[in-house]
Structures are given as C-alpha cells and as structure tokens.
Amino acid sequence: MPAPRPFVAEVPHAPDGRVMIEPMSADDAPQQATDVAQARVLLIGIGAGDPDYVTTQAALAIRELDVLFVVTNEEEQADLVHARREVVDRYRDDDDYRTVELRDPDRPWKDTPHYADAVAHWRSQRVELWEAALAEHLAPGQTGGFLIWGDPSLYESTLSIVAEVQARSTASFDYEVLPGVSSIHALTARHRIPLNRQGGAVQITPARLLGSGIPASANDVVVMLDPSTTFMRLDPTGLEIYWGAYLGTPDELLIAGPLEQVRDEIVRVRAEAKERKGWIFDTYLIRRVLAERRTKASERRVRQVERRAGEIERRSGHDRRATKHVTTDYPPMPGGAEVQSL
Ligand SMILES: C[S@@+](CC[C@H](N)C(=O)[O-])C[C@H]1O[C@@H](n2cnc3c(N)ncnc32)[C@H](O)[C@@H]1O
C-alpha cells in the first residue's frame, strides 16, 4: 500500500508563489490520492485564542476533514467549545463532514494521593475509547481530525494518545501533527519580549512542579496550568514576571513587572476576571533579573515605557480589540490590552 502523501506538501500556491487560501472552496481543496486506502488523522494546532492564529496549513486541513473528532469533558468551558466552533465555521463553508464526540472519562486525580496511577488509568481508558471511535467512524481513505488548542506538542495528551492508539490498533491509520501558536508564544508576543535571553535556556513547567521554588539553575521559567497563583509562594527577590490571561481573546489581560511589586495586582485582577467569566486560563514567565544587569535593565524598561507612550499617542484609534484594561497607570498596548510595566 502506498504511503499517504504528507499533508504539508499539499498547501497550494498561486503561480506568483502566494498561498491560495481565500479563493478556495472545499471542492478545490487538494484531493487524497484515490489509491490510498489508509485513513489519516490530523492533529491540528489552532492557536491559543485568536482565530487569526490559525495557520494556512491548519485552515486547509480543516477543509479536508471527513470526520471532526471533538473531545469533551465535564470541565469543558463553553467559551472554548465556542472558539473551536468559530474556527471551523470560519474555514469551512460546507456541512460535508461528520462530528464525532469523544466524551472524556472523568478525571479523578484532583482527589487522589496517587496522582501518577490515576493519570495512567485515565489515559488507558482514553486510548480504548479513541481506538473504538476511530475504528468505527473513520473509513479507509478518509481524513479525521482533532482541533487542538494552541500547539499539539505542549501540555496536550491528544498527540501521545493517538500515537498509542496507532501503535496498538488493528485499525490502520497514519497521523500528522500541524503546529499551532502556543499560549507561550502568544504571551511573549503580547509582552513584546524574547522567550529566551541571549544564549540562555528556558524551562517550561506546570505550576504543580514549582512547589519548592524556581530551580537554582533556571533563570527563565514559563509556568502553565496554575489554578492557584503559585507565584505567590516564590521568594520574589530578583524576579520579574510577565503574566497573561485569555491571551489572543477580547478578554486578554497582561501585567508585567518586578514580582514583588505586581504580584498582588495579578492576584486581584485574576480573581476578578475569574469571578466574572467563571474560568481562567493564564500563563506567565518568571525571569531572574541577573544582578549585574539589574540597573541597566530597569533603565531600559523606563525608556521602553516612554517609547511605548509615544507610539500609543501616534496610533490612537487603531485598537483592534475591546480588551479589559487592568490598570490606568501605564500606557495601553497597541493591540488594545494595557500592560502594567514597572
Ligand atoms: C492543557 S494546556 C494547553 C496548552 C496549549 N496546548 C498551548 O499550546 O498553549 C492549558 C494551559 O495553557 C495555558 N493557556 C492556554 N491558552 C491560554 C491563553 N489563551 N491565555 C493564557 N494561557 C493559556 C494555561 O496555562 C492553561 O492552563
């Protein structure tokens, strides 16, 4: 059986080299070779909030789907379900696909001291469920897909579960991963900062592993999956934070500054937002201010704030989003959100 053509090779280009995304209808989308009997599963990163984060490759993949697998769970936020629906509606103008809901097994590990065992059990239930669903709903030659928030490789089990299903499955399918704009990259873009410092390493961690503080060897740490403001438990000396919530959405919130000076403000703003919306997604970068560079860095930040104030004046009236302002002490970000930058 010939191997399926990789999806990445199918992005069509106009003769002048431009990617042909706008004029295409679903009928024009690249067709699967007729002699390919194997089913395909596409794990499509859709970016972490803004529908404009969807890449051309992801948009074309959405148009190719015969079956859209939608994973739901008891905690699924209506806003996130809506965001995925918006992405499909934007990039698909036909109803010529089926939607199959995969109801997640309950997640018992919040209440259990045996975290690793509970997660392993949940994963094996998921593998069985998905294996059965793929066998039942995806015929040979068809393309199925999962829309994955942000990037599929970052704190997402979909990728490894599909890999496991494929490895043990009697059903024959291949899968591809289409990258997306992660919440980390949305965070650094909105704060207009590099993720790493020159030649430096970056550590990415769930808040759960920060219990004993920032590792001594780490100068830049991105923290995700933090339901309980873990930064409040860190010794703030010499640390600054770049915090963002609901990144890429109209509710986006940004706060940055020395941890000691802005942490209470983050807690206050976060609690208010969570109360108002009923849920929150936030991510932050904790950066150690290297001692010998502290003075220079503070001077530079003052200059940045002054420069930004000038830019805002020049661009006033160009705000794209009606984003909530978290403070009035500092000039707003050009995209609409305000950044508190001390
Ligand atoms: C299950 S992980 C998924 C991460 C996703 N795959 C990505 O690439 O960003 C969910 C965590 O990602 C972060 N996150 C996702 N979307 C976000 C957003 N729009 N704003 C802030 N944080 C976000 C939060 O830390 C949240 O707890």
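## A tour from helix α4 to the ligand

Begin by selecting helix α4, residues 158-168, where the buried residues are Thr158, Val162 and Val165. If you turn the view until you look down the axis of α4, these buried residues fall within an arc of 60°, so they line one face of the helix. On the other side of α4 you will find Ala167 and Arg168, which are exposed. Keep in mind throughout the tour that this is a predicted model.

Next, keep the buried residues of α4 in view and add the elements against which they pack, namely β1 (39-45), α3 (115-137), β4 (143-148) and β5 (173-178). Within helix α3, pick out Leu129, and then draw a distance from its C-alpha atom to that of Val165, which comes to 9.5 Å although the two residues are 36 positions apart in sequence. Is Leu129 buried, exposed or partly exposed? Leu129 has 17 C-beta neighbours inside 10 Å, and therefore counts as partly exposed, since a residue is called buried when 20 or more other C-beta atoms lie within that distance and exposed when there are 12 or fewer.

Now zoom out to the whole chain, whose secondary structure comes to seven helices and 11 strands. Of its 342 residues, 29% count as buried. Among the contacts in the chain with a separation of 6 or more, 70% are between residues that are 24 or more positions apart.

For the next stop, select strands β6 (residues 203-206) and β7 (220-224), which run parallel and are joined by four bridges. To see one of these pairings, show Thr205, whose bridge partner in β7 is Val223. Then add β10 (282-288) to the selection, because you can now ask in which sense β7 and β10 pair. They pair in the antiparallel sense, over four bridges, and here Val222 stands opposite Leu285 in β10.

From β7, follow the chain into the loop that leads to β8, where you will come to Leu225. Leu225 has a positive phi of about 55° although it is not a glycine, and with 14 other C-beta atoms within 10 Å it is partly exposed. Thr229 is also placed in the loop between β7 and β8, and it has a positive phi of about 40°, again without being a glycine. With 16 other C-beta atoms within 10 Å, Thr229 is partly exposed. These phi angles are worth a pause, because most residues other than glycine have a negative phi.

Finally, select the ligand together with the residues around it. Which residues are closest to the ligand? Of the 20 residues that surround it, the closest are Gly150, Ser182, Ser183, Met224 and Leu247. If you colour this shell by residue class, you will see 10 nonpolar, seven polar and three charged residues. Strands β8 (239-245) and β10 each supply at least two residues of the shell.

To end the tour, colour domain 1 (7-181) and domain 2 (184-291 + 319-341) separately, and ask where the ligand lies with respect to them. Both domains give residues to the shell around the ligand, so the ligand lies between them.

Conventions:
Residues are numbered from 1 along each chain as its sequence is written. This is a predicted model: local features need pLDDT of at least 70, side-chain atom pairs count only at pLDDT 80 or more; totals for chains, interfaces and linings use all residues. A residue is near a molecule or strand if its C-beta atom, placed from the backbone, lies within 6 Å of it. Ala, Val, Leu, Ile, Met, Phe, Trp, Tyr, Cys and Pro count as nonpolar, Asp, Glu, Lys and Arg as charged, and the others, Gly among them, as polar. Domain bounds come from an automatic or database domain assignment. Two residues are in contact if their C-beta atoms, placed from the backbone, lie within 7 Å. The arc is that of the directions from the helix axis to the C-beta atoms. Two strands pair if DSSP finds at least two bridges between them.
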